[in-house]
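Biologist: Could you take me through this model and explain the reasoning behind the labels? I'd like each value set beside its definition.

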Amino acid sequence: MTVPSLTLAELRLLAVAGGAAPSLHNSQPWRFRPAPDHRSLMVFADRARAVPLADPDGRALHISVGAAVFNLRTAARHLGRAATVALCPEPTTPDLLAVLDLSEPSSADEPDLYPAIEHRHSSRRPFANRDVPEAVLGELIEAATAEGATLSVLEEAEVRRVLALTTEAEQRISADIARQAETRGWLRLEEPASDGIPAAALGPLDHDARVPVRSFTGHPPRPAAHTERFEALPQVAVISTHGDHPMDWLRAGQAMERVWLLATLYGVRASVLHQAVEWADTRWRLRDPAEGPGHVQMVMRLGYGAPGAPTPRRAVEDVLDLSGSTDALSVGNRTGGPAQTTDSAVLQEDA
Ligand SMILES: Cc1cc2nc3c(=O)[nH]c(=O)nc-3n(C[C@H](O)[C@H](O)[C@H](O)COP(=O)(O)O)c2cc1C
């Protein structure tokens, strides 16, 4: 059985959900376009929104787009549509990173992660000295495995090793004027914006310098950042993949977002410590030799604490390309679709 073609309301809901994904410096490097038959959605990289010094190979860009793809899949299920995803389907069109076939109805046999999309935010504040229960960690590990990636929750010695490497990488970034300028270029401290990182989303620095949160405002931070005591032993998890190609990065991004949304449903907060992944040598040293070969893609800090502040998102019109779709959409909307979704039911865009 196939479901009717995508309506404008469904496309908008999908674009808002996809656009709510996390991305390096909130760069939102994606564009969505319905296929001519309006039963598939194409996902493109927006290379104009790349972060070239921190991410010269586009690895983080692919991870960000992978996270958007997972949100799109989740939103499609919410609309009663199964998503069959083809990654990098056309080698001659390298910017086309995914096509989601949304023509079949979904079967509701998995937890509904859709409600978590609007509540997931990076939480850069200190967490409580309270462990995430083993059972929840087990589900997060399964979530990553289902996406073809590995989530390793680190033991104490490994946590300390990974935090030390992150500190080393952060110090290297702090000594690199061009890198610092690039990061600051994504800060939106005063002006209202549709991308980048607002002041409210920044956290304090760790008073004991154990948790090397990224200093988005430079070294020394300007305006000066206050310090707070972070959790004594952070819970750190690493996402890795067997391969290290664009498809692996897209899988890692889907795994990260699946883990993050599930964690959000459980009230577990998360933030990313990506600095050591941004330098080839520290990235290589992040690998756990005991785990066998694998490429580290993400380092996440998990715990319980205050929710992160919302960050802005680009307008739907800027990420959803409807050029060439006007006729199909007016026909689709006249004949009606499966979802009676209106714009008011679409996830609210972050303030
Ligand atoms: C590939 C990637 C790398 C990131 N690196 C960091 C990082 O090093 N430090 C940090 O605080 N946040 C990092 N983030 C989180 C983004 O800054 C965050 O997702 C973005 O600002 C949007 O905010 P939100 O997650 O609250 O929606 C990263 C996210 C991605 C996808």
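Modeller: Happily! Let's begin with α6, where R179, Q180, E182 and T183 are buried. They lie on the same side of α6, because their arc around the axis is only 160°; the arc is taken from the directions from the helix axis to the C-beta atoms. This is a predicted model, in which local features need pLDDT of at least 70, side-chain atom pairs count only at pLDDT 80 or more, and totals for chains, interfaces and linings use all residues. Residues are numbered from 1 along each chain as its sequence is written, and side-chain values use heavy atoms, without hydrogens and water.

Biologist: What makes a residue of α6 "buried"?

Modeller: Buried means under 20% relative accessible area (1.4 Å probe, protein chains only), and R179, Q180, E182 and T183 meet that. These buried residues pack against α5 and β6 (187-188), where contact means heavy atoms within 4.5 Å.

Biologist: How do you know that the span of α5 agrees with its number of residues?

Modeller: The expected span is 1.5 Å times one less than the number of residues. The 19 residues of α5 (156-174) should therefore span 27 Å, and the end C-alpha atoms are 27 Å apart, which agrees.

Biologist: What makes T311 a polar contact of the ligand?

Modeller: A polar contact is a pair of N or O atoms within 3.5 Å; within protein, one must be able to donate a hydrogen and the other to accept it, and residues adjacent in sequence count only if both atoms are side-chain atoms. A polar side-chain atom of T311 lies 3.1 Å from a ligand oxygen, so the pair qualifies.

Terms used. Helices (H or I, at least four residues) and strands (E, at least two) are DSSP runs, numbered from the N terminus. Buried means under 20% relative accessible area, exposed over 50%, partly exposed in between (1.4 Å probe, protein chains only).
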